Amino acid sequence: MTRRFYVTTPIYYVNGAPHIGHAYTSIAADVMARFHRLSGHDVFFLTGTDEHGQKVEQAAQNAGVEPKAFADKVAADFRNMADAMDISYDAFIRTTEPHHIASAQALWKKVAENDAIYLGAYEGWYALRDECFYGEDELIAGPDGQKLAPTGAPVEWVKEPSYFFRLSAFQDRLLELYEQNPDFLGPHGARNEIISFVKQGLRDLSISRTSFRWGIPVPGDEQHVMYVWFDALANYLSALGYPDASSPRMAYWPASLHLVGKDIARFHAVYWPAFLMAAGIELPRKVFANGWWTIEGQKMSKSLGNVVDPRDLVQEFSLDTVRFFLLREVPFGGDSDLSRKALMTRNNVELANDLGNLAQRTLSLVARNCGGIVPEQGARTEEDAKLLGQVSLLPDLLALQLDRCALTDALEEVWKVIRACNAYIDHQAPWALRKTDPDRMADVLRVLLDALRGIATLLQPFMPRSMAQMLDQLGVTEGERVFAALSQPLPAGRQLPAPQGIFPRYADPEPV
Ligand code: ME8
């Protein structure tokens, strides 16, 4: 049976415009989805927007419009951003869609039927910015001695009737989950943090509010709207058609991978599995938290005016330069800084020089000395076989790295081979062989074409546009771009188009 792969991004709040942080998690998820599709797997890739809650209600009020009209506008903008980043989602869910609302209510009912929800009164600290309740012991002191959430967000004392989820009853089962499935949650730091949070003891969770209206009504008690995280997490099931077991998409459950930012690891690795356990639903296989981007050394914030719209960045640099930079700059899971200088350097060194030059040199030698025709595969020397051997290991190596969400390590595997190709071309010097041994020159060029084909095929998930251009130039047809096609040699005799540079080179930025 074809392997199924279901990958999700967080659904983003529509209280503000999309920025590079949102694009980052979506690009990482896109790489996973594309990689699995090219591996021949049956992929479902979900993204979307989180549209309820007090934060969105307030943003709409500030803008002087109804929450739904406000959400419509911002959700469209998020979708536009995803399209501009070439995010190949199969579905874009909005939590204001009627089918999501019905589905979240069905999940609530299931959890309630299993006696995991009770009515009580909530009194405690709530941070609106985080849409999160905190215990007294978690609070920190602000600069003027005021109480703040551990994230620095202001907190307010909230007192109202509320439905509670019996989170405390799931503590042992959650710890067992982390212990028995060491791969359930990554990276390592996030895993340790969550385990110690759960070990400290879990309090029951308030999962409804009565003090505002912009949310999904609690089934059977319309005075209450659902806590936005119960509503939001349900999206991963509602998008598949839950609770309709006959919906064809339900076959994708359980999710293979929820990609999230480290800020929301707790919601995905504690609350979500507990809700699912309570509902008797199978748990997702993996939650992985990406690290945090700062901009030129500073936290991104509206007040600093340094919020980067990824669409502006790809106007200035190419889309694939941006995608590559984000995934290459820092081991996936770690924090990093986005600076124009670092972005240009990565582009110039690794894309324009290492890969772009290699392709350009090879293809222009084929154009000039072989009439632009793909030569026959010739007898192979030890060096030829060694290089091609390295290329042929890449699909399995990348699959292993991507299974661990090691997107940066996956790129490094490819770059090792690109560097080996550059050493090979310098050492073989096919330009010099033209006069002394033209047959060997053709063999060397063929080895390089084969190596480039492997490299470009495997890099498609990371840089879909530029790798499509490279594969066009290598004479690889659309049908030959899946990973399985790499086991068949390209037929000799194909006429290649005139070579063209693929990666731009950016002038070094002016020192400030
Ligand atoms: O939390 N660096 O939505 P959100 C890296 N609606 N990633 C970043 C980032 C940064 N500087 N800023 C944002 C929510 N992100 C909820 C999710 S899911 C059921 C509900 C990314 O709009 C990162 O993935 O605040 C983070 O988790 C997400 O955007 C938060 O998006």
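The paragraphs below go through the strand pairings of this predicted model, starting with strand 1 and ending with a four-stranded sheet.

Strand 1 covers residues 4-13, and nine of its 10 residues are buried. A residue counts as buried when 20 or more other C-beta atoms lie within 10 Å of its own. With nine of 10 residues meeting that criterion, strand 1 is therefore largely enclosed by the rest of the structure.

Two pairings of strand 1 can be followed in the model. With strand 2, residues 42-50, strand 1 forms eight bridges in the parallel sense. In this pairing V7 lies opposite F45 of strand 2. The connection between these strands involves helix 1, residues 20-38: strand 1, helix 1 and strand 2 together make a right-handed β-α-β unit. The other pairing is with strand 14, residues 257-261, which runs parallel to strand 1 and is joined to it by two bridges. Here T8 is the residue that stands opposite H258 of strand 14.

A further sheet is built from four strands in the order 5-4-8-10. This sheet is open, and its pairing is antiparallel. Strand 5 (132-134) and strand 10 (205-206) occupy the edges; each has a single partner strand, so one side of each has no neighbour in the sheet. Between strand 4, residues 117-127, and strand 8, residues 156-165, there are 10 bridges, again in the antiparallel sense. Within this pair, W125 is placed opposite W157 of strand 8.

Notes. Residues are numbered from 1 along each chain as its sequence is written. This is a predicted model: local features need pLDDT of at least 70, side-chain atom pairs count only at pLDDT 80 or more; totals for chains, interfaces and linings use all residues. Two strands pair if DSSP finds at least two bridges between them. A residue is buried if 20 or more other C-beta atoms lie within 10 Å of its own, exposed if 12 or fewer, and partly exposed in between; C-beta atoms are placed from the backbone. A crossover is right-handed if, with the strands pointing away from the viewer, the path from the first strand over the helix to the second runs clockwise.
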